[in-house]
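Hi everyone, thanks for coming. I'll put a structure up on the screen, and then we can walk through it together.

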Amino acid sequence: MDDYKASKEAFVSGMTGSTVFHVNLISGVALSSIALHSALRSRVQAFGSAYFLAEFVTLVMPLLLSMTLFAEAPGALSLLLLVPMLVLLLLPPLERGTPLPAESRDEPTSPNGRSRAETPLIHSSQSLNPLPALTTYRAHMMLMTILCILAVDFPVFPRILAKCETYGVSLMDIGVGSFVFSQGVVSAIPIIKEISYLQAPILPKLKTISRKMIPIIVLGIVRVVLVKGTEYPEHVTEYGVHWNFFLTLALLPIIEVLLHPVILRIPVALLGLWIGVLHQFALSSGGMKDFLLNASRSNVVFANKEGLISLLGYVSIHVLGLSLGTVILPPSPSFFRKQQHQLLDGPSSHRPSKLDPSAPRQNAKIVIELFSYSVVWWMLLAFVRLGLEVSRRMANISYVLWVAAYNTSFILGYILLDMVFFPTRTLKIRDPTDPSGKRLLIEEKGPKNSAPALLEAINKNAFILFLLSNVATGLINLNIQTMFVGDMKAICVLCAYSMGMCGYAWLCRRKRLWKM
């Protein structure tokens, strides 16, 4: 057992990674699968009782194949998905009178019984319209994470996609940062709904968020106990001897609350970038890099140096995700900036606020802003990499910029696909109940869109699935010597594992099991 543990640790250690282009190609398969699925939804009648199986084949299997059998040729796999998509585009779009299963789930209704899509949007509630592209992005990111954490233990998963030892880029490296970035995006929701939350007293907010994070901290501690108790193979240089990803995830929302007074006053993206630069200064000029690479693990702090030192880099990623959330979640990219100005101006302005977070989104403006951010992040990354290679272990500025560029670009891709396959128009009409005729109502016309049903199910209970996948991965590794399993048997195990995870999500799709 000790010999196998040592061999297994060596199997996942010392990696130098792949290239940014290769990682983008593999991830691009996710966009191709959504393009095919969207073409099917918009041009082909529903699959009836086989709907779950159809979604599993079109949305999950391509991701599994992209990181295993097609890892060396992800472009070919994307082509295999895009060719039938192009053929389907030759068919006329379906009439939208009868919604597909993916579109008939718990649709909100107006007081007169009509669906929200049929009702002129007279906005008064402080709620945000759903963003299907964000659901798709977060679910696909979770799927990639769930698949990778088991697949990496099999030889069918190329070593170049495993986490790099110190420097380099790989699929699993971007997965860790994307998880944090995604958490940052959705953390913008309460701020957009009620901007005054940023001005609320810090201490009560800290108490509230800390209570919510206690279960995650407990899970992190339990994981340490189980790993040490079962002599499970572990990679110490990822986070340290006792630290793990759960502890990092739990601390980030708490640190965000401490930053609320600053978030209120300066552009959020600039704050995230400043934190990343400060972290890099500590690494390069403050001696933190030498400490991380060379210091012996002589006490509990030194033993967990990777987790502690990389934390500030992950704070930067989280804040940049929050910044993106303030762009894509409200009705317009400038919405949050206007909220900031209104709140800072105080009671000097006696005009009622016209900012309504439930108004229809101005997708064209959002796309332009996302494209601009993507270009900026990719250009900064290219410049910084001239003298500083990417390091997930340190979460240095190159890694922060890579995560921001990657996630901004792919969220842009998901939004563009929705705009192509499910276009909508926003109209302004006069309110017939207003005698003056000056008040306008905003009406959104076009096909009702929603994320694929399976992806919505995964997103609804994403963290529970993440926990289950960790448990399942541990049980499989304790019963199978995965590093000696052949490719075909490995694919069968991975298919059964992914089918089990998705099946559980599908069965629980009607309710949220854990609300964080």
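Let me start with a question: is R337 buried, partly exposed or exposed? With a relative accessible area of 36%, R337 is partly exposed, since that value sits between the cut-offs of 20% and 50%. Keep R337 in mind, we'll come back to it.

Before that, a word on what you're looking at. This is a predicted model. The mean pLDDT of the chain is 86, and 86% of the residues reach 70 or more. There's one stretch to watch, though: over residues 97–125, pLDDT stays under 50. The model still has 59 contacts for that stretch, looking beyond four places in sequence. Where pLDDT is low, you shouldn't read the predicted coordinates in detail.

Okay, the overall picture. The chain has 516 residues, and 55% of them count as buried. Its secondary structure comes to 20 helices and 2 strands. If you take the contacts with a separation of 6 or more, 82% of them are between residues 24 or more positions apart. On the outside, the chain exposes about 23,000 Å², with carbon and sulfur atoms supplying 66% of that.

Now let's zoom in on one helix, α15, which covers residues 335–345. Which of its residues are buried? They are F335, F336, Q339, Q340 and L343. Look down the axis of α15 and those buried residues fall within an arc of 140 degrees, so they line one face of the helix. If you're wondering about the spacing, here's the general idea: an α-helix has 3.6 residues a turn, so residues three or four places apart point the same way. On the face turned away from the buried side of α15, you find the exposed residues H341 and D345. And what covers the buried residues? The cover includes α7 (189–193), α10 (260–263), α11 (268–284) and α14 (305–328).

Next up, salt bridges. Side chains of opposite charge can pair when their charged atoms come close. How many salt bridges turn up in the whole structure? The search finds 6, and I'll show you three pairs.

Here's R337 again. It forms a salt bridge with E369, and the closest N and O atoms are 3.2 Å apart. This pair links distant parts of the chain, with R337 in helix α15 and E369 in helix α16, 32 residues apart. E369 has 18% relative accessibility, so it counts as buried, whereas R337 is partly exposed.

The second pair is E238 and K163, whose side chains meet in a salt bridge at 2.8 Å, N to O. Here E238 is in the loop between α8 (202–230) and α9 (245–258), while K163 is in the loop between α5 (132–151) and α6 (171–186). That pair also links distant parts of the chain, 75 residues apart. Both E238 and K163 are buried.

The third pair is E306 with R393, where the closest N and O atoms are 2.9 Å apart. E306 lies in helix α14 and R393 in the loop between α16 (363–384) and α17 (397–421), so the pair ties together parts that are 87 residues apart in sequence. E306 counts as buried because its relative accessibility is 0%, and R393 counts as buried at 7%. There's a bit more here: salt bridges that share partners join R297, E306 and R393 into one network.

Let's look at a serine too. S469 lies in helix α19, residues 462–479. Its relative accessibility is 0%, so S469 counts as buried. What does S469 touch, if we leave out residues up to four places away in sequence? It touches I146, I149, Y497 and M501.

Finally, the surface. L79, V83, V87 and L90 make a nonpolar surface patch of about 420 Å². V87 is in helix α4, residues 74–88, and L90 is in the loop between α4 and α5. L90 counts as exposed because its relative accessibility is 72%. The C-alpha atoms of L90 and R43 are separated by 9.1 Å, with their places 47 residues apart along the chain.

One last spot is E194, in the loop between α7 and α8. At 41% relative accessibility, E194 counts as partly exposed. E194 and S127 are 67 residues apart in sequence, and 9.7 Å apart in space, C-alpha to C-alpha.

That's my tour, thanks for listening!

Conventions: Residues numbered from 1 in each chain as written. Predicted model: local features only at pLDDT ≥ 70, side-chain atom pairs only at ≥ 80, totals over all residues. Heavy atoms only, no water. Patch = residues over 30% accessible without salt bridge, like charges linked within 9 Å, V, L, I, M, F, W, Y side chains within 5 Å. Areas by Shrake-Rupley, 256 points an atom, 1.4 Å probe, with all protein chains shown as cover. Salt bridge = Lys/Arg side-chain N within 4 Å of Asp/Glu carboxyl O. Helix = DSSP H or I, 4+ residues; strand = E, 2+ residues; numbered from the N terminus. Buried < 20%, exposed > 50% of the residue type's maximum accessible area, 1.4 Å probe, protein only. Contact = heavy atoms within 4.5 Å. Arc of directions from axis to C-beta. pLDDT = per-residue confidence, 0-100.
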